[in-house]
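Colleague: I am new to this structure and should be grateful for a guided account. May I put some questions to you in turn?

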Amino acid sequence: MSKFKRIKGTQDIYGEDIKYWDFIEKTMKKVFLKYGFKEIRTPIFESTDLFNRGVGEGTDIVQKEMYTFEDKGGRSITLRPEGTASVVRAYIENSMINFGSPMKLFYNGPMFRYEKPQAGRLRQFYQIGAEVFGTEYPLSDAEVICMINDAFKELGLNNYTIRLNSIGKKESREEYKNILKNYYSDKFDDLCEDCKIRYENNILRLLDCKIDTNYAKNAPSILESLNHEDKMHFDSVKKHLETMDVPFIVDDKIVRGLDYYTQTVFEFIHEGLGAQSTLAAGGRYDNLVSEIGGNSTPAIGFAMGIERLVMALKSENIIIDDCEDIDVYIVNSGESAEFEAVRIARELRDKGIKTFMNISKRGFSSQMKHANKLNASFAVIIGEDEIDKNIVTFKDMESGEQIQVERGWFVNLILEKLANK
Ligand code: HAM
């Protein structure tokens with residue numbers, strides 16, 4: 001047994017799961033490129049202030065969940081809890097406005113939040129996300145949502161709904177916050193401990209409390225507080241989504257847990273995942289770029305949790321081809337066979353054939369067992385006899401059929417067999 005265990009809330013990703021991860025990452029990249037996004041990779045850690053400012057002092061993330069430490073130079077560093085603040089920082093710092101506007105960026109990487117671990121909620125988790133800078137036009141909100149929907153279809157997912165809301169710009173929101181404060185004032189004593197704190201510093205979050213759900217259900221709707229500009233924006237997003245044939249449900253209780261949102265917010269909810277059912281989420285954030293020190297730049301984006309997507313794909317029994325399967329296992333024994341195996345491996349790999357050559361000191365039968373364990377499609381067997389006759393023995397691992405083939409011809413045979421598989 002290993003002396004060490006992985007840290008609570010982290011996981012090792014390997015074996016069967018890798019094919020899900022690979023499928024999700026490749027599919028998302030394909031979809032992003034189809035929509036004209038470019039990739040960005042930012043550091044995993046940033047200065048703590050970026051997240052204090054970017055994510056917001058009143059959020060659960062900043063108050064309780066950040067992995068913050070002092071480095072050897074005395075700087076306060078935080079492992080990124082999400083991607084948006086970092087991408088905004090990079091957008092400003094690298095003057096990406098010069099690359100044309102709007103600018104579409106996507107990213108994929110680990111995020112860190114000190115949350116209570118449970119299925120679908122980890123302390124190190126992976127997000128794939130995207131941000132669009134430089135347009136406040138409602139068509140861009142609809143296009144981002146449509147793109148996520150395209151991606152989910154391409155992944156094969158069916159069992160999800162898109163929840164859409166608008167929390168307006170500051171003016172509408174301030175009015176609504178007062179209405180909400182009034183509504184909750186005579187219920188204050190009944191609220192859960194977290195909500196009592198949120199009542200003071202982040203009242204909107206009372207709407208997505210998992211405990212005080214009845215109060216939230218009957219709370220006044222934020223949509224009633226939207227001013228003309230916000231209402232027009234929201235109506236336009238909805239109209240575009242209808243034209244794009246993207247089904248959605250307006251859910252006025254969606255407020256999101258981060259401070260930076262303005263107007264459009266949305267969540268993709270999976271029906272088969274229990275408590276942690278939000279697969280993807282995002283919204284518009286027109287003030288964040290200027291709050292972090294850039295020129296006023298409207299923006300919209302989203303992020304999705306890879307771990308939750310894997311769970312969703314499994315819950316919908318979506319079968320994915322193995323991305324790590326082995327085409328040919330080269331079984332060899334004896335010194336001259338070993339040299340021949342090296343030459344054969346070179347030939348096969350040069351043709352793009354996934355090849356595992358025996359690289360240990362072990363007998364034929366142990367090598368065949370290994371080939372089976374690795375699920376190789378074919379085995380090529382080389383011993384002294386094969387070398388003398390200038391042939392190889394070729395075995396179809398599925399049917400068990402074994403034939404001897406001329407050395408000069410067998411690579412073609414493998415290519416033919418693989419093409420017909
Ligand atoms: P978020 O809602 O905090 O938004 O996270 C987005 C997604 O990341 C969630 O819907 C979920 O799938 C996944 N996720 C979040 N926390 C965890 C966790 N502890 N364990 C596993 N998965 C998790 C953001 O992070 C925003 N930056 C999204 C955004 C981008 N808004 C605008 N642009």
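Modeller: Please do. As a preliminary, helices here are DSSP runs of H or I with at least four residues, and strands are runs of E with at least two, numbered from the N terminus. By that rule lysine 196 is placed in helix α7, residues 193-201. Please also keep in mind that this is a predicted model.

Colleague: With which residues is lysine 196 in contact, leaving aside its neighbours within four places in sequence?

Modeller: A contact here requires heavy atoms within 4.5 Å. Arginine 121 stands 75 residues from lysine 196 along the chain, and the C-alpha atoms of the two are separated by 24 Å. Once the neighbours within four places are set aside, the contacts of lysine 196 are Phe188, Asp189 and Leu191.

Colleague: Into which domains is the chain divided, and what distance separates their centres?

Modeller: Domain 1 is made of two stretches, 16-169 and 227-315, while domain 2 covers 328-419. Taken over C-alpha atoms, the centres of domain 1 and domain 2 are separated by 48 Å.

Colleague: Which strands stand at the edges of the open sheet of 3 strands?

Modeller: The order in this sheet is β2-β4-β3, with antiparallel pairing. An edge strand pairs on one side only, and this holds for β2 (45-47) and β3 (67-70). The twist from one strand to the next averages 35°. The edge strands are thus β2 and β3.

Colleague: Which residue is the bridge partner of glutamate 70 in β4?

Modeller: Strand β4 comprises residues 76-79 and is joined to β3 by 4 bridges, the two running antiparallel. Helix α2 (residues 48-55) lies across β2, β3 and β4, at about 80° to β2. For glutamate 70, the bridge partner in β4 is serine 76.

Colleague: Which residues come nearest to the ligand?

Modeller: There are 27 residues around the ligand. Glutamate 131 has a polar side-chain atom 2.8 Å from a ligand nitrogen atom. The residues that come nearest are Glu82, Glu115, Glu131, Arg256 and Tyr261.

Colleague: How much of the area that the ligand exposes when taken alone does the protein bury?

Modeller: Polar atoms of the protein approach the ligand at several places. In the side chain of threonine 84, an N or O atom is 2.8 Å from a nitrogen atom of the ligand, and a polar backbone atom of leucine 279 is 3.1 Å from an oxygen atom of the ligand. Of the 660 Å² that the ligand exposes when taken alone, the protein buries 96%.

Colleague: Which element gives the most residues to the shell around the ligand?

Modeller: Two or more residues of the shell come from each of β6 (124-133), β10 (278-284) and β11 (299-305). With 6 residues, the element that gives the most is β10.

Colleague: Why do β13 and β16 each have one side without a neighbour in the sheet?

Modeller: They belong to an open sheet of 5 strands with mixed pairing, in the order β13-β12-β14-β15-β16. Because β13 (355-357) and β16 stand at its edges, each has a single partner strand.

Colleague: Which helix packs on this sheet?

Modeller: Neighbouring strands of the sheet are turned by 25° against each other on average, direction ignored. The helix touches β12 (328-332), β13, β14 (378-382) and β15, and its direction makes about 170° with that of β12. This helix, residues 364-373, is α13.

Colleague: Which glycine in the turn between β15 and β16 has a positive phi?

Modeller: Strands β15 (residues 391-396) and β16 (residues 402-406) pair in the antiparallel sense over 5 bridges. Phenylalanine 394 stands opposite isoleucine 403, and lysine 395 has glutamine 402 as its bridge partner. The two strands form a hairpin with 5 residues between them, and the residue with a positive phi, about 85°, is glycine 400.

Colleague: Which residue has a positive phi although it is not a glycine?

Modeller: The residue lies in the loop between α9 (228-243) and β8 (249-250). Its phi is about 65°, and it is aspartate 245.

Colleague: Where does a cis peptide bond lead into a proline?

Modeller: The proline lies in the loop between α4 (84-93) and β5 (103-112). With omega near 0°, the cis bond runs from serine 101 to proline 102.

Notes:
Residues numbered from 1 in each chain as written. Predicted model: local features only at pLDDT ≥ 70, side-chain atom pairs only at ≥ 80, totals over all residues. Heavy atoms only, no water. Domains from an automatic or database assignment. Pairing = 2+ DSSP bridges. Axes fitted to C-alpha atoms, helices over the stretch in contact; angles between N-to-C directions. Near = heavy atom within 4 Å. Polar contact = N/O pair within 3.5 Å; in protein donor to acceptor, adjacent residues only side chain to side chain. Areas by Shrake-Rupley, 256 points an atom, 1.4 Å probe, with all protein chains shown as cover.
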